[in-house]
Amino acid sequence: MSIAIEGFLFKKSSGTMSRWQKRWFCVKYGKLWYYDKPTDEQPKACFELTKIRNVRANSMTELKNSQFEFNYDVKVYQLKAESRDLMAQWIAVLEMEIKKANDPTAFNQTAPAGMDINRQVSVASVGSMASGVTAISAISTLSTTSANKKKKK
């Protein structure tokens, strides 16, 4: 399994004197990991994607400030990207990876109506952004029952 996305995000610390701390995040092996810096071997923490709920920008203020959050068990974690585009990319990749973690077969079952069944679909844009975020394409070949019918003919 490859890295779906990685890069710096700011995580709001908990407690009465909360502040934004720059951390290196990555999504791989069905988990969201974060480290102090990209060269660290030991993560500060990791979250099982199957237990993450409600990934979202919660308000217009948070959207404007590139902030988003997710629920894990009973706690809400607040994150901030360097831009709204990066925030949207993180949210999209997290939502997709959470769906894959919860139902890995769903991404290889059926193609949406009108889609070429032999086409490969990139679910995350490829490339490296100036802020240090890298999204790696997750490619899945779509198959449908109509493809199986064609093979039988």
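In this predicted model, Trp-24 is buried, at 11% relative accessibility. Its ring pairs with that of Phe-8 in an edge-to-face arrangement. The two centres are 5.0 Å apart, and the planes meet at 80°. Phe-8 belongs to strand S1 and Trp-24 to strand S2, so the pair ties together parts that are 16 residues apart in sequence. Phe-8 also has a charged partner: Lys-22 lies over the face of the ring, 4.6 Å from its centre. A similar topic arises at Phe-10, where the charged end of Lys-80 sits over the ring, 6.0 Å from the centre.

A pair of aromatic rings is described by the distance of the centres and the angle of the planes. The pair of Phe-25 and Tyr-34 is stacked, because its ring centres are 5.1 Å apart and its planes lie at 25°, under the 30 degrees that stacking requires. Both partners are shielded. Phe-25 is buried, with a relative accessible area of 1%. Tyr-34 is buried too, at 9%. In total, the structure contains 8 aromatic pairs. Ring pairs join Phe-25 and Tyr-34 to Phe-47, Phe-70, Tyr-72, Tyr-77 and Trp-90 in one cluster.

The nonpolar core comes next. In soluble globular proteins, nonpolar side chains tend to be buried together. Here the largest nonpolar core has 24 residues. Leu-32, Ile-52, Phe-68, Phe-70 and Trp-90 touch the most other members. Strands S1 (5-12), S2, S3, S5 (52-56), S6 (67-72) and S7 (75-80), together with helix H2, each supply at least two residues of this core. H2 gives the most, with 7 residues. Phe-70 illustrates how parts of the chain meet. Leaving aside neighbours within four places in sequence, Phe-70 is in contact with residues including Leu-32, Phe-47, Ile-52, Val-55, Val-76 and Leu-79. Polar and charged residues also appear among these contacts of Phe-70, including Arg-53, Asn-54 and Lys-75.

Strand pairing was examined around S7. S6 and S7 run antiparallel and are joined by 6 bridges. They form a hairpin with 2 residues between them. In the turn, Asp-73 has a positive phi of about 55°. S7 also runs antiparallel to S1, with 2 bridges joining these strands. Leu-79 of S7 takes part in both pairings: Phe-68 stands opposite Leu-79, and Leu-79 is the bridge partner of Lys-11.

Charged side chains provide further links. Side chains of opposite charge can pair when their charged atoms come close. The structure holds 6 salt bridges. In one of them, Asp-36 is joined to Arg-23, with the closest N and O atoms 2.8 Å apart. Asp-36 lies in the loop between strand S3 (31-35) and strand S4 (45-48), while Arg-23 lies in strand S2 (residues 20-28), so the pair ties together parts that are 13 residues apart in sequence. Arg-23 is buried, with a relative accessible area of 12%. Asp-36 is partly exposed, at 34%. Asp-36 also meets Lys-44 in a salt bridge, at 4.0 Å from N to O. Lys-44 is partly exposed, with a relative accessible area of 45%. Arg-23, Asp-36 and Lys-44 are thus linked in a network of salt bridges.

Another salt bridge lies within a helix. Glu-97 and Lys-100 are both in helix H2 (residues 84-102). They are 3 residues apart, about one turn of the helix. Their closest N and O atoms are 3.3 Å apart. Glu-97 is buried, with a relative accessible area of 9%, whereas Lys-100 is partly exposed, at 27%.

Methods. Residues numbered from 1 in each chain as written. Predicted model: local features only at pLDDT ≥ 70, side-chain atom pairs only at ≥ 80, totals over all residues. Heavy atoms only, no water. Salt bridge = Lys/Arg side-chain N within 4 Å of Asp/Glu carboxyl O. Helix = DSSP H or I, 4+ residues; strand = E, 2+ residues; numbered from the N terminus. Buried < 20%, exposed > 50% of the residue type's maximum accessible area, 1.4 Å probe, protein only. Core = buried A, V, L, I, M, F, W, Y, C linked by side-chain atoms within 4.5 Å. Contact = heavy atoms within 4.5 Å. Pairing = 2+ DSSP bridges. Phe/Tyr/Trp six-rings, centres within 6.5 Å; stacked < 30°, edge-to-face > 60°. Lys NZ or Arg CZ within 6 Å of the ring centre and 35° of its normal.
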